[in-house]
Amino acid sequence: MPTILFSAPYMLPFRQRFAPVFEHYGLTLIAPEVRERLEEADILGYAGQFDGAICGDDRYTPRVLAACLPRLKVISKWGTGIDSIDKPEAERLGIQVRNTPNAFTLPVADSTLGYILAFARRQPWMDRAMKSGQWEKIPGRSLSECTLGVVGAGNIGKAVLRRARAFGMRLLANDIQPIAPDFLLENGVERTSLEDLLARADFVSLHTDLNPTSHHLINPRTLALMRPSAVLINTSRGPVVDEPALIAALRSGQIAGAALDVFEHEPLPVDSPLKQMDQVMLAPHNTNSSPSAWERVHWSTIRNLLDGLGIPHGDLEEWQRKLSQ
């Protein structure tokens with residue numbers, strides 16, 4: 001009977017709901033308490049005890065992967081990003097890594113537009129002023145007056161650009177990978193260098209994977225290229241931004257503001273200066289928030305796990321229909 005380390009934060013609250021499914025397929029669960037993710041030392045405490053994993057952004061480092069042999073056969077990541085898993089090392093050791101591509105494109109794109117609108121139209125700040133007894137007409141901007149620069153034109157980046165086009169924004173995009181010419185032409189997007197994008201954009205939105213080329217992509221040098229009126233939006237991965245450098249740029253007025261859903265250290269430390277900055281909007285790594293998207297990912301993650309363990313699951317869709325009623 002295979003044993004599963006079940007540590008995905010978005011699935012843990014629904015453990016009892018899915019218990020009949022795991023039981024049906026002969027799976028035993030180890031379900032530790034998880035605040036945001038399991039760190040290396042946390043997983044090492046369970047090494048050798050499980051055959052598969054359903055995880056969030058747990059730290060599956062080379063040390064962890066080696067310690068989990070020979071039992072561990074598959075890591076089924078809840079969601080899309082697998083940067084916390086050393087996939088090349090896992091593959092070298094014969095451990096499968098599976099995920100759900102394009103899982104949260106729509107809610108993340110919607111959240112990004114929400115941040116752009118909030119900063120352009122200043123609603124959060126006007127609301128705050130009104131509730132504190134002020135009657136102040138805070139200047140805003142129409143999106144048609146603004147330029148958006150998207151760094152990383154994958155599924156989410158393209159969805160953001162399509163939405164922004166509907167508001168009449170001027171659109172810039174940068175990616176180390178090719179961007180389909182028909183997408184650029186049909187949506188009025190100008191592909192340009194990162195440096196040019198940073199220098200011209202009123203809003204810079206990050207939608208890159210976390211990899212060696214994107215780690216601290218936003219740093220003292222690149223922040224210095226941005227306009228003093230510009231706003232940085234990061235809904236990708238925290239380490240894409242050099243956080244101390246961003247804090248310094250916000251304090252000095254080098255850039256005007258930031259909207260951050262992800263951070264270098266999560267949860268965001270209680271003493272982070274970002275929490276004291278009026279020109280910063282914060283969220284707890286939650287722009288993927290969408291019950292219907294979560295539901296799709298729950299079942300995709302279970303399916304990926306069963307595939308990786310070689311367990312037939314022809315009746316999984318029937319279970320999905322039954323438990324989704």
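Helices (H or I, at least four residues) and strands (E, at least two) are DSSP runs, numbered from the N terminus. The model shown in these views is predicted: local features need pLDDT of at least 70, side-chain atom pairs count only at pLDDT 80 or more, and totals for chains, interfaces and linings use all residues. Residues are numbered from 1 along each chain as its sequence is written, and side-chain values use heavy atoms, with hydrogens and water left out.

**View 1. An open sheet of seven strands with parallel pairing.** Strands of a sheet pair through backbone hydrogen bonds, either parallel or antiparallel. Here the strand order is 8-7-6-9-10-11-12, where two strands pair if DSSP finds at least two bridges between them. Strand 8 (189-191) and strand 12 (280-282) stand at the edges; each has a single partner strand, so one side of each is left without a neighbour in the sheet. From one strand to the next, the twist averages 15°. Strand 9 (residues 203-206) and strand 10 (residues 231-234) run parallel and are joined by four bridges. Within this pair, valine 204 stands opposite leucine 232 of strand 10.

**View 2. Helix 7 across three strands.** Helix 7 (residues 155-166) lies across strand 6 (147-151), strand 7 (170-174) and strand 8. The helix runs at about 170° to strand 6; axes are lines fitted to C-alpha atoms, for helices over the stretch in contact (heavy atoms within 4.5 Å), and angles run from 0 to 180 degrees between N-to-C directions.

**View 3. The largest pocket and its lining.** A pocket is found on a 1 Å grid over the protein atoms alone, as an open set of points where a 1.4 Å probe fits, with protein on both sides within 12 Å along at least five of seven lines; lining residues have an atom within 4 Å of a point. The largest pocket holds about 1,200 Å³ of space, a volume being the space filled by probe spheres set on the points. Of its 49 lining residues, Thr80, Gly81, Ile156, Thr208 and Asp209 lie nearest the centre. Helix 5 (105-121) and helix 7 each supply at least two residues of this lining, and the largest share, three residues, comes from helix 7. By class, the lining of the largest pocket has 18 nonpolar, 22 polar and nine charged residues. Ala, Val, Leu, Ile, Met, Phe, Trp, Tyr, Cys and Pro count as nonpolar, Asp, Glu, Lys and Arg as charged, and the others, Gly among them, as polar.

**View 4. The second largest pocket.** This pocket contains about 240 Å³ of space. Among its 20 lining residues, Arg59, Asp83, Ser84, Leu210 and Pro239 are the closest to the centre. The lining of the second largest pocket comprises seven nonpolar, five polar and eight charged residues.

**View 5. Two cis peptide bonds in loops.** Most residues other than glycine have a negative phi, and most peptide bonds are trans. Leucine 69 and proline 70 are joined by a cis peptide bond with omega about 0°. Proline 70 lies in the loop between helix 3 (62-68) and strand 4 (74-77). The bond from glutamate 266 to proline 267 is also cis, with omega near -5°, and proline 267 belongs to the loop between strand 11 (257-260) and strand 12.

**View 6. Arginine 122, a residue with positive phi.** Arginine 122 is found in the loop between helix 5 and helix 6 (123-131), and its phi is near 65°. At 21% relative accessibility, arginine 122 counts as partly exposed (between buried, under 20% relative accessible area, and exposed, over 50%; 1.4 Å probe, protein chains only).
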